[in-house]
Every structure is written in structure tokens, then in C-alpha cells.
Amino acid sequence: MKYFPFFLQLNKLPCLIIGGGSVAERKLDLLVKANADITIVSIEFTDYILELSKTNNIKCVTKEYSQKLLEEKRYKFVIAATNNVTLNEQVAKDCDNHNILINVVDQPNICDFIFPSILERGDITVAVSTGGASPVLARMLRTKLETMVPSNYGKLAAIVSANRIKVRDKMKKFSSNKIFWEQMLNGKFFELVLSGRNEEAELFLDEQIENFNEDIANQGEVYLVGAGPGDPDLLTFKALRLMQQADIALYDRLVHPSIVDLIRRDATKIYVGKERDNHVVRQEEINHLLVKYAKEGKKVLRLKGGDPFIFGRGGEEIETLAEEKISFQVVPGITSASGCSAYSGIPLTHRDYAQSCIFVTGHLKEGKLDLDWEKLVQPNQTIVFYMGLVSINIICNELINNGMDKETPCALVQQGTTNTQKEYISVLKDMPALVEAKRPKAPTIFIIGGVVSLRDKLKWYTTNAEG
Ligand SMILES: C[S@@+](CC[C@H](N)C(=O)[O-])C[C@H]1O[C@@H](n2cnc3c(N)ncnc32)[C@H](O)[C@@H]1O
């Protein structure tokens, strides 16, 4: 992170602006709004600045810049806002020597801090920064946020703020406070304020504070959530919402790091791994942890790659929860077969090529793959093998030995839907040699059937992945 965002109480803090022209004007309005104690030094000032200084905490000093100015007051920060690049650079150097934070307008490379693009709703402030890369892009993002955060959020913050102490004092358990507000801000109270029915909202809130049942609210729960195959945009709304509510999260190796980043920032995150032949935490231990944390009253997120009920052992995990009478929710995810086929331009079914599609595990048990091969070899059927990279030779040989045409098109999709996705396209008899030569990286999905021949025509997703 190039610039760390924090919100500063500027009230009466002394700050110095060098330059009295239009560049300085751009910064001035916000500093006035935050009630900073502003000194502006310049040999001349715009009419706007002079006018503003009459009614606000602004002192205009008519003189040339000199380093001595920095010693006249305990300035917390300085803004170099002249149109003279050399002078701005000199100010930055001097500030560095005096340990004063410096912002140089339009020269982010010599700034200690930068001004974000700001969205305000009452006490709510949303600040957007591109790390100085593009103020225009930051403004565009802010405009997007404007449409997503209706103006009533300001009122919402005001009502919550007015009731915070009351709620805190009423609750016997520390954790109840957070749960109470999560419920309020995800339900009827929130809707009432956003639709402008403030009186009704406040009455409803009073009633909820009075009748809130802490014992029920503090019961733990497990969210078994599918994170999809990799691209964070493929998460469902519900997955994201529960990821934001969890106190603790147990996630697998196949959950993409950019998805892990979307879990609530202050939730405890536990990596429970599971690579082939290397189970960082054994399944029984995972089941046990879910029960343990839920019994402690926590909202536990169990985040799994793809869909939790497709080769994900999600069933076993909730079986244990059901036996222990722990409440849970299951959120489906996009399974890797769907994600990889979509992002490779290979439809799993197609009127001309496949009327059925079958998902099969290629996971070896004691070096063997015990499948009903005859049943897999059906006309007009797509087969998708999960965990089939290691067993690719066995899969191809068995299918051919059981009657499948050795020229059947097939695709191995590596790290599907991510920016390292890569497809290896071949026919059944040649795929093992291609894998041997190219050594694709796990995870991979193996798609077999006539539908693969559509890929050349339907491919749309491109990445810079190297084989
Ligand atoms: C234990 S299974 C979990 C499947 C997961 N529950 C799902 O619905 O996709 C792991 C296998 O899923 C497949 N897989 C998961 N993510 C993938 C991805 N992004 N690209 C290709 N294959 C993937 C691979 O075959 C991998 O070996």
C-alpha cells in the first residue's frame, strides 16, 4: 500500500499553503470545511482566496517563500501549490528537513500525503485514492460510489450514533452490541431510514433495543460458502454478505487470494489447506473446529473453492454440524466445471454435440481409478474430470479401451477463470503426451467430448498465461 488512509481531526491544526493562485484554491475549500488553521504565503492572491479569508480561519501573508517560514509556527503539514515546479520541489526538501508532512500539488512522487477524492454523507466519509496515479480515475470511482450510497446514509449514521450508548448499556454481553447493529443494518430499520421514514425507523429501533434476545443472537452459526473457481467477480451476493459477517474464517487452498481478501478485515482467518497428499489440517480436525467455534457463539465462515457440494466434502462438514445441532447455511458457488467451460468457450452441453454432461472425480485411491468406464463412454455426452491431472494417462487409456473414439476432442483447463488460465487442447490419444511435454499447473479440469471443438469459435477470455 503506497499511501495509508487515515482520517485526521483537522480542527484548528496549523497548516501552511505556499501559493495563492488557482492551484491553492482547489485545496482550500476542503481545509476550510475541516476548520484547519490556515496560513497562505504568496506574493499575490486570487480574489476568491482574499474573500474566503475574511470569514474563515485563513491568514494571507504577502511575501516570498523562504525556509524560515517553516519555523514560524508548529505546522502539521504544508501544501506546495505554486505553478513553479522548482520552488515546489524546494519546499518539499525543506519540509523533509523539518519533519513536516508535505503535499505537492500534481507531483505525487514527492508527496508524503495526497488528497483523496471524497464522498460525504453526513458523518460518513468515503475517500478514494489511486495512489496518485490518476485523480480523474479516483473521481470516476467516487461518482460510481455516489450512485451506490444514497444520501440517506447520512441520516442513518446520525440515528445509529444517537443510539450507540443506549444499545451498549443495555447489552449484557460485549458481542451482542455488534450482532444487534448487524441485524439492524441488514433489515427493516435500514430499509425504513433509506426510504426516508425516519420516525418509524426510530420507533422500530426502540422496540428492537427493548426486545433484543441476547441468548438467541449469540448462538453460533456456520456458513458453508462456495467461493467459485477463482475470479472474485463470480462470487454470489450472498457469499459476499456472509463473508463480511463472519467472526472467523476457515478457507481452503483453492480459494483464490483475492477472494480471501474480501473476508471481513478483522475476522480471524485460518488456512486449512488440503493439497494433494498434503492435508494441512485433516478433515476430521476441520469438522471439529467448525463445531468448536460455533459452540463458542461465533459466526464461522467455511469457505471452499467452487461449489461446496461438488467434490468439496461440504456434505460431511454439515453432517457433523447437524449431529451437533448447530445451525448452518449453505451457499452454492460456481463449480470449476462451469467456470472453466464458460471462460474457455466450451459449452458443456450443445444441441449438436452433447445432451448430457457428467462430472467425475479423477482422484486416485491407492494408485487406482475405480470407475464404471463403460457407463462413461456414451454418445453425445460431455465428461468433466475433476482432480484428473495426475491420472490423465489412466483416464485417456481407459476411455479408449472402453470404446471411446481416440480422436475425441478434449481440453485441459489450467487455473480456470483466473489471470493465469491456460487451455491445452488435443484429442484423447494425444493428451497424455501433451501434458508430459507442457506440464500444466494445478488445479486443472479435464473436459472431454465433441463440445471442445467449439472452442476455437467461442473463445472470448484471454490472459497472458505462460504454459
Ligand atoms: C477437491 S476438488 C474441489 C472442487 C470444487 N468444490 C468445485 O466445485 O469446483 C478440486 C478440483 O477442482 C478443480 N478446480 C478447482 N478450481 C479450479 C480452477 N480454477 N481451474 C481448474 N480446475 C479447478 C480441479 O480439478 C481440482 O483438482
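These legends walk through a set of views of one predicted model, starting with the whole chain and moving in on its details.

**Figure 1. The whole protein and its four domains.** Let's begin with the full chain, which is divided into domain 1 (14-115), domain 2 (153-213), domain 3 (221-334) and domain 4 (337-458). Between the centres of domain 1 and domain 2, taken over C-alpha atoms, there are 43 Å. The secondary structure amounts to 18 helices and 17 strands. The radius of gyration is 30 Å, well over the 23 Å that the globule rule gives for 467 residues, so the protein is more spread out than a compact globule. Along the principal axes, the C-alpha atoms fill a box of roughly 90 × 60 × 40 Å. Of the 467 residues, 31% are buried.

**Figure 2. The shell around the ligand.** Here we look at the 22 residues around the ligand, of which Gly306, Gly312, Thr335, Ser336 and Gly416 come nearest. Two elements, helix H14 (336-344) and strand S17 (444-448), give two or more residues each to this shell. Domain 3 (221-334) and domain 4 (337-458) each supply at least three of the shell residues. By residue type, the shell divides into 10 nonpolar, 10 polar and 2 charged.

**Figure 3. Strand S1 and its two neighbours.** This view moves to strand S1 (residues 14-18), which pairs with S2 in the parallel sense through 5 bridges. Two residue pairs are handy for finding your way: Pro14 stands opposite Asp37 in S2, and Ile17 stands opposite Ile40 in S2. Getting from S1 to S2, the chain passes through helix H1 (residues 22-33), and this β-α-β crossover is right-handed. S1 also pairs with strand S4 (residues 77-80), again in the parallel sense, over 4 bridges. There, Leu16 has Val78 of S4 as its bridge partner. S1 is mostly covered, with 4 of its 5 residues buried.

**Figure 4. Strand S2 and the step on to S3.** Shift your attention to strand S2 (residues 37-42), where 5 of the 6 residues are buried, so this strand is largely enclosed by the rest of the structure. S2 runs parallel to strand S3 (residues 58-62), and 5 bridges join the two. Look for Thr39, which stands opposite Lys59 in S3. Helix H2 (residues 47-55) completes a right-handed β-α-β unit with S2 and S3. As a reminder when viewing strands like these, side chains in a regular strand alternate between the two faces of the sheet.

**Figure 5. Tyr251 in strand S9.** Tyr251 is part of strand S9 (residues 248-252). Tyr251 counts as buried because it has 24 C-beta neighbours inside 10 Å, and the cut-off for that class is 20 or more. For a sense of distance, the C-alpha atoms of Tyr251 and Lys441 are separated by 21 Å, with the two residues 190 apart along the chain.

**Figure 6. Glu398 in helix H16.** Glu398 belongs to helix H16 (residues 392-401). With 17 other C-beta atoms within 10 Å, Glu398 is partly exposed. Leu369 is 29 residues from Glu398 in sequence, and their C-alpha atoms are 9.7 Å apart in space.

**Figure 7. Backbone details to check up close.** Most residues other than glycine have a negative phi, and most peptide bonds are trans. The three spots in this view are worth a look with that in mind.

- The peptide bond from Ala442 to Pro443 is cis, and its omega is near -5 degrees. Pro443 sits in the loop between helix H17 (431-438) and S17.
- Lys12, in the segment before S1, has a positive phi, near 65 degrees. Lys12 is exposed, with 10 other C-beta atoms within 10 Å.
- Glu366 has a positive phi too, near 50 degrees, and is found in the loop between strand S13 (356-361) and helix H15 (373-376). Glu366 is exposed, with 5 other C-beta atoms within 10 Å.

Methods. Residues numbered from 1 in each chain as written. Predicted model: local features only at pLDDT ≥ 70, side-chain atom pairs only at ≥ 80, totals over all residues. Domains from an automatic or database assignment. Near = placed C-beta within 6 Å. Nonpolar A, V, L, I, M, F, W, Y, C, P; charged D, E, K, R; others polar. Buried ≥ 20, exposed ≤ 12 C-beta atoms within 10 Å, placed from the backbone. Pairing = 2+ DSSP bridges. Right-handed = clockwise from strand over helix to strand, strands pointing away. Rg over C-alpha atoms; globule rule 2.2 N^0.38 Å.
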